[in-house]
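Me: Please take a close look at one part of this predicted model. I would like the aromatic side chains and the core around them described in one connected account.

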Amino acid sequence: MALPHRPQRLRRFIRYYELTYAEVAEKLGTNVPRIANLIKGHVYPTPEECDALEALFFPLPAHNFFEESMLEYRYNWPPLRGVALVKAELERAQAQLDTDRHEAGE
């Protein structure tokens, strides 16, 4: 799934709570350009950033701040690449095949 490259809802929450990007960056343990890129939809948030946002804007979950495609790596960070990606896809396909066989009664 590709990054949306469009503004995310996080910007609204930052404005509503009258925070600056610098304040949010400090709370997340990152820098202002990273926050700006998250808001623009140019980078995926890490699980740690999602947790920090949930703590900052408690009790709201991370899916309130970002589109669903932005949370693709919420629980499986870092993104898989190369051989690891191929292995993961093979395992997923094998699991689906096993499920289909079980449902067919084989």
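Reply: Beyond its neighbours within four places in sequence, Phe66 is in contact with Gln8, Arg9, Leu10, Leu38, Pro45, Leu53 and Leu71. Two of these partners, Leu10 and Leu53, are listed along with Phe66 itself among the residues with the most contacts inside the largest nonpolar core. That core has 21 residues, and Ile14, Ile35, Phe57 and Phe65 also belong to its best-connected members. The elements giving it two or more residues are α1, α2, α3 (32-40) and α4. In soluble globular proteins, nonpolar side chains tend to be buried together.

Phe57 and Phe65 lead from the core to the aromatic pairs. The search of the whole structure finds 6 such pairs. In one of them, Tyr17 and Phe57 have ring centres 5.0 Å apart and planes at 50°, a tilted arrangement. Tyr17 sits in the loop between α1 (10-16) and α2 (21-28), while Phe57 sits in the loop between α4 (47-56) and α5 (82-104), so this pair ties together parts that are 40 residues apart in sequence. The two partners differ in exposure: Tyr17 is partly exposed, at 39% relative accessible area, whereas Phe57 is buried, at 1%. Phe57 also pairs with Phe65; here the centres are 5.3 Å apart and the planes again at 50°, so this pair too is tilted. Phe65 is buried, with a relative accessibility of 0%. Ring pairs join Tyr17, Phe57 and Phe65 with Phe13 and Tyr16 in a cluster.

The helix that ends just before Phe57 is α4 (47-56). Its buried residues are Pro47, Glu49, Cys50, Ala52 and Leu53, and α1, α2 and α3 are among what covers them. An α-helix has 3.6 residues a turn, so residues three or four places apart point the same way.

Of these covering helices, α2 can be followed in detail. α2 and α4 pack at about 115°, with 9 Å between their axes, and α2 passes α4 in a right-handed crossing. On the α2 side the contact is made by Val24, Lys27 and Leu28, and on the α4 side by Glu49, Ala52, Leu53 and Leu56. By class, this contact has 5 nonpolar and 2 charged residues, with no polar ones. Leu53 therefore takes part in several of the features described: Leu53 is buried in α4, meets α2, touches Phe66 and is one of the core residues with the most contacts.

Technical notes
Residues numbered from 1 in each chain as written. Predicted model: local features only at pLDDT ≥ 70, side-chain atom pairs only at ≥ 80, totals over all residues. Heavy atoms only, no water. Phe/Tyr/Trp six-rings, centres within 6.5 Å; stacked < 30°, edge-to-face > 60°. Helix = DSSP H or I, 4+ residues; strand = E, 2+ residues; numbered from the N terminus. Buried < 20%, exposed > 50% of the residue type's maximum accessible area, 1.4 Å probe, protein only. Core = buried A, V, L, I, M, F, W, Y, C linked by side-chain atoms within 4.5 Å. Contact = heavy atoms within 4.5 Å. Axes fitted to C-alpha atoms, helices over the stretch in contact; angles between N-to-C directions. Left-handed = near helix turned anticlockwise from the far one by under 90°. Nonpolar A, V, L, I, M, F, W, Y, C, P; charged D, E, K, R; others polar.
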